[in-house]
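Let us work through some short exercises together. Please have a look at the sequence and the structure first.

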2 protein chains.
Amino acid sequence: MPEFDDAFRATLLQLFQWRRDVRHFRTDALPPGLVRQLLDVAALAPSVGLSQPWRFVTVDDPARRAAIRQNFSACNAEALARQDRAALYARLKLAGLDDAPCHLAVFADPDPQQGGGLGRDTMPETTAYSAVLAIHTLWLAARAQGLGLGWVSILDPAVVVAALDVPAGWMFIGYLCLGYPTAAADRPELERLGWETPQPATLLQR
Amino acid sequence: MPEFDDAFRATLLQLFQWRRDVRHFRTDALPPGLVRQLLDVAALAPSVGLSQPWRFVTVDDPARRAAIRQNFSACNAEALARQDRAALYARLKLAGLDDAPCHLAVFADPDPQQGGGLGRDTMPETTAYSAVLAIHTLWLAARAQGLGLGWVSILDPAVVVAALDVPAGWMFIGYLCLGYPTAAADRPELERLGWETPQPATLLQR
């Protein structure tokens with residue numbers, strides 16, 4: 001078993017601190033093979049019953065990208081209309097869809113054959129959770145390569161499924177923008193712009 | 001911004017490879033303060049709109065632990081009865097509830113005030129996903145400290161909510177066993193015991 005020492009733990013903590021949800025990207029392309037390399041790391045994520053139900057889709061077609069961008073704009077306009085703090089909300093940049101060179105949509109197969117159904121009889125949502133764990137693994141691996149990742153959730157899942165023409169039954173989990181960030185930060189952009197303040201995790205005792 | 005070098009990336013890859021879902025624990029207690037330290041790291045996880053909707057509950061009361069164990073046994077017996085490969089399933093150890101010194105139940109507040117609702121109008125499930133991201137952050141931080149973590153999903157969420165008497169509305173995400181593992185492995189136990197074989201991540205192009 002490998003030795004994880006104090007130096008590694010300190011750098012791992014820095015990785016968590018500097019991970020960030022990135023919305024400001026340079027437009028230069030990723031090195032060839034890097035996405036495949038990141039997917040191979042993502043496949044090491046935990047999954048319910050070793051079902052590995054994550055499904056990745058790279059989106060390069062301009063018309064499909066435009067459909068995603070258009071849906072983001074529509075959903076974000078609706079969200080803005082519902083916001084109490086609309087003026088501040090309007091100043092936030094909530095996606096890097098225009099500049100990020102790599103668009104990666106992530107889905108889950110809600111009823112995968114792999115894994116034999118183990119672990120998900122009482123909690124079928126664990127297949128979606130497994131895809132989330134793969135996204136986070138990819139996110140950390142990308143950050144350790146100097147890349148930034150932004151998770152776009154201001155989208156209508158039904159529109160995304162239709163725009164990307166994915167196999168029937170796939171459940172949309174998240175739309176990822178990936179590329180080199182224009183700047184780095186160890187605090188969330190939503191904190192720096194005054195939207196919200198991070199809090200320590202609460203712990204109940206039972 | 002910190003420099004993440006080849007040596008760190010290689011060790012991070014080892015962390016992903018050796019993370020494991022642990023079900024075999026030594027019974028010795030965790031050092032005082034370690035859980036709080038891990039929760040502070042978990043709070044660095046990404047969350048929708050910086051809402052940090054994760055809610056942690058340590059479970060120490062013997063009666064509550066017994067209720068969880070009993071529910072696991074009941075749910076696992078039902079799962080076994082449904083399995084095609086029942087003989088193999090019956091040989092799998094799927095939880096470390098008896099030996100793990102620390103039991104940590106994780107919930108999500110599905111409608112947190114923090115974050116102002118940002119990012120979750122069209123995908124309310126992102127609050128649950130945020131709690132999953134906190135679990136994974138804690139998992140990796142724990143592994144880097146030599147600890148093992150096992151995620152128990154073979155539980156009835158309604159029973160867990162009742163057994164732990166958590167605030168109304170909290171959504172059960174996962175029940176974590178935490179402690180020192182009796183052995184280390186770089187391959188999943190479900191693979192080593194012949195249940196399933198890991199596969200590379202699939203990638204569709206659109």
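The exercises below concern a predicted model, and each comes with a worked solution.

**Exercise 1.** Find how the axes of helix α2 and helix α5 of chain A are oriented to each other.

*Solution.* Start by locating the two helices: α2 of chain A covers residues 34-42, and α5 of chain A covers residues 126-144. Next, look at their axes, which come within 8 Å and cross at roughly 130°. An angle over 145 degrees would count as roughly antiparallel, and 65 to 115 as roughly perpendicular. α2(A) and α5(A) are therefore oblique to each other. As for handedness, the crossing of α2(A) with α5(A) is right-handed.

**Exercise 2.** Name the residues that make this contact and sort them by character.

*Solution.* From α2(A), take Leu38(A), Val41(A) and Ala42(A). From α5(A), add Ala134(A), Thr137(A), Leu138(A), Ala141(A) and Ala142(A). Sorting the residues of the contact gives 7 nonpolar, 1 polar and no charged.

**Exercise 3.** Is strand β1 of chain A mostly covered or mostly open?

*Solution.* The strand spans residues 54-58. Of its 5 residues, 4 are buried, and β1(A) is mostly covered.

**Exercise 4.** Work out which strands pair with β1(A), and trace the bridge partners of Val57(A).

*Solution.* Begin within chain A: strand β2 (residues 102-108) pairs with β1(A) in the antiparallel sense, over 5 bridges. Here Val57(A) has Ala105(A) as its bridge partner. Now turn to chain B, where strand β5 (residues 203-205) pairs with β1(A) in the parallel sense, over 3 bridges. In β5(B), Val57(A) is partnered by Leu204(B).

Conventions:
Residues numbered from 1 in each chain as written. Chains lettered and ligands numbered in written order. Predicted model: local features only at pLDDT ≥ 70, side-chain atom pairs only at ≥ 80, totals over all residues. Axes fitted to C-alpha atoms, helices over the stretch in contact; angles between N-to-C directions. Parallel < 35°, antiparallel > 145°, perpendicular 65-115°, else oblique. Left-handed = near helix turned anticlockwise from the far one by under 90°. Contact = placed C-beta atoms within 7 Å. Nonpolar A, V, L, I, M, F, W, Y, C, P; charged D, E, K, R; others polar. Buried ≥ 20, exposed ≤ 12 C-beta atoms within 10 Å, placed from the backbone. Pairing = 2+ DSSP bridges.
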